[in-house]
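Colleague: Could you walk me through this one slowly? I'm new to reading structures, so I'll just keep asking.

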Amino acid sequence: MIEKILTVSTANISKQTAEWLNEQAKLSDKGTMDVSVYEKAGDGWFIPVNERVFTEEIQSGQSIPVEFFDVYNYAVTHHCSWMMIAREADVIEELPQYEW
């Protein structure tokens, strides 16, 4: 099966969200995360996209950053199975941008 992956620049998230993603990656190893996040060698993250799971996470009151939700929702809207957030990826103009 061929899966679609959204590649998005770290410029589309804030520094605080990058720190949150680093923490989620550590928690993913233990199975105690809000959202599954896997570190990308060098820099960045891989995140599986599942609209139903993410909706349940939000409804359960997890503290998910707003701009991460925007990027995730963009991936869901474009029917992607994965997201890769990395410094070398292109900036998505339709999403907010942050300097850090």
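Modeller: Happy to, and keep in mind that this is a predicted model. One term before we start: a residue is called buried when its relative accessible area is under 20%, exposed when over 50%, and partly exposed in between.

Colleague: Okay, with that cut-off, what share of the residues of the protein chain count as buried?

Modeller: The protein chain has 100 residues. Taking those under 20% relative accessible area as buried, the share comes out at 43%.

Colleague: In what order do the elements of the protein chain run from the N terminus on?

Modeller: The parts list is three helices and four strands. Reading from the N terminus, the order is β-α-β-β-α-α-β.

Colleague: What radius of gyration does the protein chain have?

Modeller: Let's look at the extent as well: along its principal axes, the C-alpha trace spans about 30 × 30 × 25 Å. For 100 residues, a compact globule would have a radius of gyration near 13 Å. The chain agrees with that, because its own value is 13 Å.

Colleague: What percentage of the contacts with a separation of 6 or more comes from residues 24 or more positions apart?

Modeller: Here a contact means heavy atoms within 4.5 Å. Counting contacts with a separation of 6 or more, residues 24 or more positions apart account for 70%.

Colleague: How far apart are the centres of the positive and negative side chains?

Modeller: The protein chain carries 7 positive and 17 negative side chains. Take the centre of each set, and the two centres lie 6 Å apart.

Colleague: Now helix H1: how far apart are its end C-alpha atoms?

Modeller: H1 covers residues 15-30, which makes 16 residues. At 1.5 Å a residue, the helix should span 22 Å. The model agrees with that, with the end C-alpha atoms 23 Å apart.

Colleague: Which elements help cover the buried residues of H1?

Modeller: The buried residues of H1 include Trp 20, Leu 21 and Leu 27. Their cover, along with that of the other buried residues in the helix, includes strands S2 (38-39) and S3 (45-48), helix H3 (66-77) and strand S4 (82-86).

Colleague: Gln 16 and Thr 17 both look interesting. Is Gln 16 buried or exposed?

Modeller: Gln 16 is found in helix H1. Its C-alpha is 20 Å from that of Thr 32, with their places 16 residues apart in sequence. At 56% relative accessibility, over the 50% cut-off, Gln 16 counts as exposed.

Colleague: And what is the relative accessible area of Thr 17?

Modeller: Thr 17 is found in helix H1 too. Leaving aside neighbours within four places in sequence, Thr 17 is in contact with Pro 65, Glu 67 and Phe 68. Thr 17 is buried, and its relative accessible area is 1%.

Colleague: Let's move to helix H3. What distance does H3 reach from its first C-alpha to its last?

Modeller: H3 has 12 residues, and Phe 68, Val 71 and Tyr 72 are among its buried ones. At 1.5 Å a residue, the expected span is 16 Å. The model is close to that, reaching 16 Å.

Colleague: Which residue follows H3 with a positive phi?

Modeller: Most residues other than glycine have a negative phi. The residue here isn't glycine, yet its phi is near 55°. This residue lies in the loop between H3 and S4, and is exposed, with a relative accessible area of 64%. The one you want is His 79.

Colleague: Which residues does Lys 4 contact, leaving aside neighbours within four places in sequence?

Modeller: Lys 4 is found in the segment before strand S1 (5-9). At 48% relative accessibility, Lys 4 counts as partly exposed. Its contacts are His 78, His 79, Cys 80, Ser 81 and Trp 82.

Colleague: Last one: is Asp 43 buried or exposed?

Modeller: Asp 43 lies in the loop between S2 and S3. Beyond neighbours within four places in sequence, Asp 43 is in contact with Ala 86, Arg 87 and Glu 88. Its relative accessible area is 16%, and the cut-off is under 20%, so Asp 43 is buried.

Definitions and conventions
Residues numbered from 1 in each chain as written. Predicted model: local features only at pLDDT ≥ 70, side-chain atom pairs only at ≥ 80, totals over all residues. Heavy atoms only, no water. Helix = DSSP H or I, 4+ residues; strand = E, 2+ residues; numbered from the N terminus. Rg over C-alpha atoms; globule rule 2.2 N^0.38 Å. Buried < 20%, exposed > 50% of the residue type's maximum accessible area, 1.4 Å probe, protein only. Lys, Arg positive; Asp, Glu negative; His and termini not counted. Charge placed at Lys NZ, Arg CZ, Asp CG, Glu CD. Expected span 1.5 Å × (residues − 1).
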